[in-house]
Amino acid sequence: MRFFRGADAAEDRFTVLVRPHMRLMYRMAYRWTQDRNESEDLVQDVLTRLFPRLDELAAVEKLGPWLVKVLYRRYVDLYRRRVSSPIDESISWSSDDDAFADLLVDKRNRYHQLELQRALNRALETIDDGWRDVVMLHDVEGYTALEVAEILDINVGTVKSRLHRARKKLKEALQLGTIESSYAC
């Protein structure tokens, strides 16, 4: 029975190693590409490149940050040259005409949330790519400054200064009165 299990054993080991980090990889890929299909393709591309290197993968101490680092480098190779900015403002939501007051309030809340999300996306567009990546990894994904430095292959001091400058610039861009609201007709 073990004779027939040989080919599947590598697949099982790979799955056990990578599965706990799949959601993180997909989230980061989506944040960078802002497209579901492109992010799925990016994650799949990275995983297919890593599968033959299973022994090397198993030897990695902190697999999560290492996988994000590999994903980031692949993203840079494939997409950064083609697209100047990974932020996409084409966010859409359905506007069902419903008479119920609670649904109307819910829609207003969703609309307000959408406006804030668009404002944040516009603010993120104003900062450099390096600053944006640091903010996304540290503030959104919760990595430490040391882990961000490891992922992006830069000094910890550089991560801290970029994080400080990016937050300052985002704060200025999101000050009360600077956010434009668009109203439905």
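**Exercise 1.** In this predicted model, decide whether Trp-32 is buried or exposed.

*Solution.* Start with the relative accessible area of Trp-32, which is 2%. The cut-off for buried is under 20%. Trp-32 is therefore buried.

**Exercise 2.** Classify the ring pair formed by Trp-32 and Tyr-75.

*Solution.* Searching the whole structure gives four aromatic pairs. Take the pair of Trp-32 and Tyr-75: the ring centres lie 5.6 Å apart. Next, the planes meet at 20 degrees. Planes under 30 degrees apart count as stacked, so this pair is stacked.

Now place the two residues. Trp-32 sits in helix 2 (residues 22–33) and Tyr-75 in helix 5 (residues 63–80). They are 43 residues apart, so the pair links distant parts of the chain. Tyr-75 is buried too, with a relative accessible area of 3%. Finally, Tyr-72 joins Trp-32 and Tyr-75 in one aromatic cluster.

**Exercise 3.** Describe the surroundings of Glu-141: where does this residue lie, and which side chains make polar contacts with its side chain?

*Solution.* First, the location. Glu-141 lies in the loop between helix 7 (129–140) and helix 8 (145–152). Second, the exposure. Its relative accessible area is 15%. Buried means under 20%, so Glu-141 is buried.

Third, the polar contacts. The Glu-141 side chain has one with the side chain of Arg-27, at 2.9 Å. Another goes to the side chain of Arg-31, at 3.0 Å.

Last, the neighbours. Leaving aside residues up to four places away in sequence, Glu-141 touches Leu-24, Arg-27, Met-28, Arg-31 and Met-136. Both polar partners, Arg-27 and Arg-31, appear in that list.

Definitions and conventions:
Residues numbered from 1 in each chain as written. Predicted model: local features only at pLDDT ≥ 70, side-chain atom pairs only at ≥ 80, totals over all residues. Heavy atoms only, no water. Helix = DSSP H or I, 4+ residues; strand = E, 2+ residues; numbered from the N terminus. Buried < 20%, exposed > 50% of the residue type's maximum accessible area, 1.4 Å probe, protein only. Polar contact = N/O pair within 3.5 Å; in protein donor to acceptor, adjacent residues only side chain to side chain. Contact = heavy atoms within 4.5 Å. Phe/Tyr/Trp six-rings, centres within 6.5 Å; stacked < 30°, edge-to-face > 60°.
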